2 protein chains.
Amino acid sequence: MAMAAKTASFDGLQCPIPLADYPRIVMAHGGGENLTHQLVERMFRPAFQGKTCGAAHDGAVLTLPHGRLAFTTDSHVVSPLFFPGGDIGTLAVFGTANDLAMCGAKPLALSASFILEEGFEMEALWRIVCSMRDAAAEAGVKIVTGDTKVVERGKGDGIYINTAGVGVVPPGVDISPARIRPGDAVILSGDLGRHGIAIISARGDLALASTIESDCAPLARDVGAMLAEPAEVHCLRDLTRGGLAAALVEIAGASGLQIDIREEAIPVRADVQGACELLGFDPLHLANEGRFIAIARPEATKRILQVLGEDRARVIGAVAEGRAGLVTLKTALGTRRVVSMLSGEQLPRIC
Amino acid sequence: MAMAAKTASFDGLQCPIPLADYPRIVMAHGGGENLTHQLVERMFRPAFQGKTCGAAHDGAVLTLPHGRLAFTTDSHVVSPLFFPGGDIGTLAVFGTANDLAMCGAKPLALSASFILEEGFEMEALWRIVCSMRDAAAEAGVKIVTGDTKVVERGKGDGIYINTAGVGVVPPGVDISPARIRPGDAVILSGDLGRHGIAIISARGDLALASTIESDCAPLARDVGAMLAEPAEVHCLRDLTRGGLAAALVEIAGASGLQIDIREEAIPVRADVQGACELLGFDPLHLANEGRFIAIARPEATKRILQVLGEDRARVIGAVAEGRAGLVTLKTALGTRRVVSMLSGEQLPRIC
């Protein structure tokens, strides 16, 4: 496990579990009795300020504003746990809040479930919990319920975190690949590939002159602003595992339409491009944690680019009648090639 | 990993992933591209028949009946994966559906998130998925969204499953330790300890003459029937990790009241009692996966016992003004002792 610092406090905040007594996770932290109770009551609950059904119950009861419910989940197994621009806690919160946003929902509440490996450093856990608290505040969601399990040394990798999330889809919003139409614009919210390269470089597999930080960021505010005109936005998808390529292939397949994109229009930072060339990676397949595509009516393009920032977002292509499920890329050289999903694994444990 | 059978089909149903091509999980099953897609589209989605927002999106949109939302989560790391009376899939579904029931909610939908270890047998996964499908049908919930991650060999233990759940709390239902009152009856829904002993015996730590099966079962129907008179039921708690003892200590602490129970009233099967004596375990701390306590107005006792079955459920004690947070047990010998949470771990990875 990579840990940058070994001090007894993080960011000025003292770890609420006495490190002299419990410098590391022991099996009984998952046993459901005293030590589990201590972890929940001293660390998790005060950090997340979850309001639960009953003062000490493992479930939350929420009053929802009017609308349909969006519900999603992700387990996070990223390695290393800490990387430039974030850590597993940041990802766990933003990842699930962003999945809700991609349903057109306003994220409301998250659950947080920890699988801890016996021997995991208590201070690393505290540092991750602080990241989750800060990320939740930034994303405008509350962590309202959770669970803790401990597995024996050698049966995990420090910490795995599952977050599930609920949100409300406002009336009139209907986000789905089934809604995209020939002529729709494909809008990309920013540059590609930084999360993938940040993880590789944090693994020490790559000696880069400058540090490339993950792009991980909450997306719901941008999505909410786009959906001020709900009828204009047909489909949304964040570009995590599998990157832009997998997202487009899935949408083209689900909609029965063709999607054509242009390489020149896709922003990739020079340092990310350089790292890709060095490693033989294709930025289209690299994971991102703060980027998405919106497929929208062509007449909405200008408004959406203004909402997302004209310096960052780009129209990268369009939907066509064409062949169902086909995605093509017009290269910088003017040739056209098919974009497909990878059969193998480009980067394991990227999120 | 304990696997009872190695045949190429389970329960007459063929594994939908060709075992000749993929007898075991490989890293790319978690890569977010072709193999992940294959696993989701061929195995998980058909088994669970989840309706998601968009044909291939990682989130579900649900229309809720009127009421407040209950939201809960649990990660399941039980070892071994298969045991008499159930498996990790059964537990993952019943566990989370039961947590919703304990909030007074009618369970509606679950998420299912898998952390698979590289090399895990595809057929074991299929067997677990079938258990989840059957358990969801039995519990009356739908599995509507999910996630799959794969970690390297030696960084997991075959499979870990997180389930989160949403349900609706009907108007008038208010379940919380804060609502219990001196004089309330403490009702136990059935005999204690079978899940804990089933797990121990499945680990081979114990040579028992007869097989003790886990009590794992869905609880929402019983709870729904009890809550036909919502004002009568003050608090509910399932007796999982930490058992009856941890549940009562938590409730007594949260309510600021004392709870007194009688050992003689607590049903423990003779074979479970025998195993406990052999192992030095206390049935009060053993985990159950289909048992709960209801704390209710004393005048509701008769009706609740009828709902839960007079052959199974028992009044085991009462709430008293007494000392805040204290739980006492009147032993079969007539003495009274304090019931407390264990500081250590009785049985790791029980759920």
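This passage describes a sheet in chain B of a predicted model, the helices packed on that sheet, and the relation between chains A and B.

In chain B, seven strands form an open sheet in the order β11-β13-β10-β14-β12-β15-β16, and their pairing is mixed. Strands β11 (233-238) and β16 (336-338) of chain B lie at the edges, each pairing on one side only. From one strand to the next, the twist averages 25°. At the β16 edge of chain B, the pairing with β15 (residues 327-330) is antiparallel and runs over three bridges. Within chain B, B:K330 stands opposite B:R336, the latter residue belonging to β16(B).

Two helices of chain B were found to pack on this sheet. Helix α2 (residues 88-102) of chain B touches β11 and β13 (292-296) of that chain. The direction of α2 makes about 165° with that of β11(B). Helix α8 (residues 301-308) of chain B touches β10 (185-188), β11, β13 and β14 (314-320) of chain B. The angle between the direction of α8 and that of β10(B) is about 10°. Strands β11 and β13 of chain B are thus touched by α2 and also by α8.

As for the two copies, a turn of 180° with a shift of 0.0 Å along the axis lays chain A on chain B with an RMSD of 0.0 Å. This is the relation of a two-fold axis. The residue of chain A that comes closest to the rotation axis is A:G156, with its C-alpha at 2.3 Å. Both copies use the same surface, as 100% of the contact residues of chain A recur in chain B.

How values were computed: Residues are numbered from 1 along each chain as its sequence is written. Chains are lettered from A and ligands numbered from 1 in the order in which they are written. This is a predicted model: local features need pLDDT of at least 70, side-chain atom pairs count only at pLDDT 80 or more; totals for chains, interfaces and linings use all residues. Side-chain values use heavy atoms; hydrogens and water are left out. Two strands pair if DSSP finds at least two bridges between them. Helices (H or I, at least four residues) and strands (E, at least two) are DSSP runs, numbered from the N terminus. Axes are lines fitted to C-alpha atoms, for helices over the stretch in contact, and angles run from 0 to 180 degrees between N-to-C directions. Contact means heavy atoms within 4.5 Å. Copies are superposed by least squares on the C-alpha atoms of residues with pLDDT of at least 70 in both.
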